[in-house]
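The following paragraphs lead the reader through a single protein chain. Please keep the sequence and the structure in view while reading.

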Amino acid sequence: MEVHVYKTPSEVSQELAEWITNHIEETLKTKNIYTWCLTGGNSPKELYTLLGSAPYRDRIDWGKLHLFWGDERAVPFADDRNNAKMTFATLIDKVPIPRINVHVMNTELVPEKAAEAYATLLHRFFTAEGQTFDLVLSGMGEDGHTLSLFPGQPVIHETAAWVKAYYLEPQKMYRITLTAPLVNRAARVVFLTFGPGKAHALKEVLQGDRNPDKYPSQIIQPLNGELHWFVDEAAAAEL
């Protein structure tokens, strides 16, 4: 695991934009496609805006990228809470990626069927063993959750299914999420985390006792890949 600490959220986003672009360029020297699992929320908005602008937009071979999502709220695409909608607005609509390469979770289906459909899609790209995504970009909430793996939820300990849907009572909504077994087979997992509100959870996740039921981000541990945290000084204050 490597922790990359920068002064401000903007600096974190800038450095990560360069890091991701370099990884895409290097990976595509030996592979025909690059599979990238995206995250939602507010944290990646500046990063996506950077990647959708020069010079990064012009360095990336978008025709060889396939984009996926780590989780989604079971709300329509038009809903502002929809992770895919945010990513389209900040990145996808700004770059020449074929729409057939953009794999959103279909929230028009009932949540369980949406999860099944997404798992079927993922099985077209990945086998039962070996590497999955070239890159998984994720975030961490102030409660230590990542993806839609929230504290105390059984989905944290899922060992078989690649995608699960469940009702999250505190939010009064269904969530659809990739699970740890799939994400932990990625070549690289990157957490993007900043702000003082994340400092305590970050300390517990990285340096505290293992307790994924309380801090689910601890469950993300790549089996044969790399784990990186890109954080600002405020988030790293307790490390």
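**A sheet of three strands**

E72 stands opposite I176 in β7. This pair belongs to the antiparallel pairing of β4 with strand β7 (residues 173-178), which extends over 3 bridges. In the same region, R73 has R175 of β7 as its bridge partner. The model described here is a predicted one.

The two strands are part of an open sheet of 3 strands, arranged in the order β4-β7-β6 with antiparallel pairing. β4 (71-73) and β6 (163-168) stand at the edges; each has a single partner strand, so one side of each lacks a neighbour in the sheet. On average, and ignoring direction, neighbouring strands of this sheet are turned by 20 degrees against each other.

On the other side of the order, β6 and β7 run antiparallel and are joined by 6 bridges. Two positions illustrate this pairing: L168 stands opposite M173 in β7, and A165 has I176 of β7 as its bridge partner. I176 is thus met from β4 as well, where E72 stands opposite this residue. β6 and β7 together form a hairpin with 4 residues between them. In the turn, K172 has a positive phi of about 55 degrees.

How many of the residues of β7 are buried? The count is 5 of 6, and the strand is therefore mostly covered, a residue being buried when its relative accessible area is under 20%. Helix α5 (residues 111-125) lies across β6 and β7 and runs at about 160 degrees to β6.

**Salt bridges inside and outside the sheet**

Side chains of opposite charge can pair when their charged atoms come close. The structure holds 14 salt bridges. One of them joins D71 and R175, with the closest N and O atoms 3.2 Å apart. This pair links distant parts of the chain, since D71 is in strand β4 and R175 in strand β7, 104 residues apart. Both D71 and R175 are buried.

A further salt bridge is formed by the side chains of E18 and R59, at 3.0 Å from N to O. E18 lies in helix α1 (residues 9-27) and R59 in helix α3 (residues 56-59), so the pair ties together parts that are 41 residues apart in sequence. E18 is partly exposed, with a relative accessible area of 28%, and R59 counts as partly exposed at 29%. Together with E25, these residues are linked in a network of salt bridges.

K85 and D80 form another salt bridge, in which the closest N and O atoms are 2.5 Å apart. Here K85 is partly exposed, with a relative accessible area of 27%, whereas D80 counts as exposed at 67%.

**Strand β1 and its surroundings**

Strand β1 (residues 2-6) contains V5 and also Y6. Are these two residues buried or exposed? V5 counts as partly exposed because its relative accessibility is 42%, while Y6 counts as buried because its value is 18%.

V5 contributes to a nonpolar patch on the surface, formed with M1, V3 and L239. The accessible area of these residues together is about 340 Å².

Y6 has partners far along the chain: Y6 and V231 are 225 residues apart in sequence, yet 6.4 Å apart in space from C-alpha to C-alpha. Neighbours within four places in sequence aside, Y6 is in contact with E11, V12, E15, F230, V231, D232 and E233.

How values were computed:
Residues are numbered from 1 along each chain as its sequence is written. This is a predicted model: local features need pLDDT of at least 70, side-chain atom pairs count only at pLDDT 80 or more; totals for chains, interfaces and linings use all residues. Side-chain values use heavy atoms; hydrogens and water are left out. Patches are made of residues with over 30% relative accessible area and no salt bridge: like charges are joined within 9 Å, nonpolar side chains (Val, Leu, Ile, Met, Phe, Trp, Tyr) within 5 Å. Accessible areas come from the Shrake-Rupley method with a 1.4 Å probe; for residues, only the protein chains shown count as cover. A salt bridge is a side-chain nitrogen of Lys or Arg within 4 Å of a carboxyl oxygen of Asp or Glu. Buried means under 20% relative accessible area, exposed over 50%, partly exposed in between (1.4 Å probe, protein chains only). Two strands pair if DSSP finds at least two bridges between them. Axes are lines fitted to C-alpha atoms, for helices over the stretch in contact, and angles run from 0 to 180 degrees between N-to-C directions. Contact means heavy atoms within 4.5 Å.
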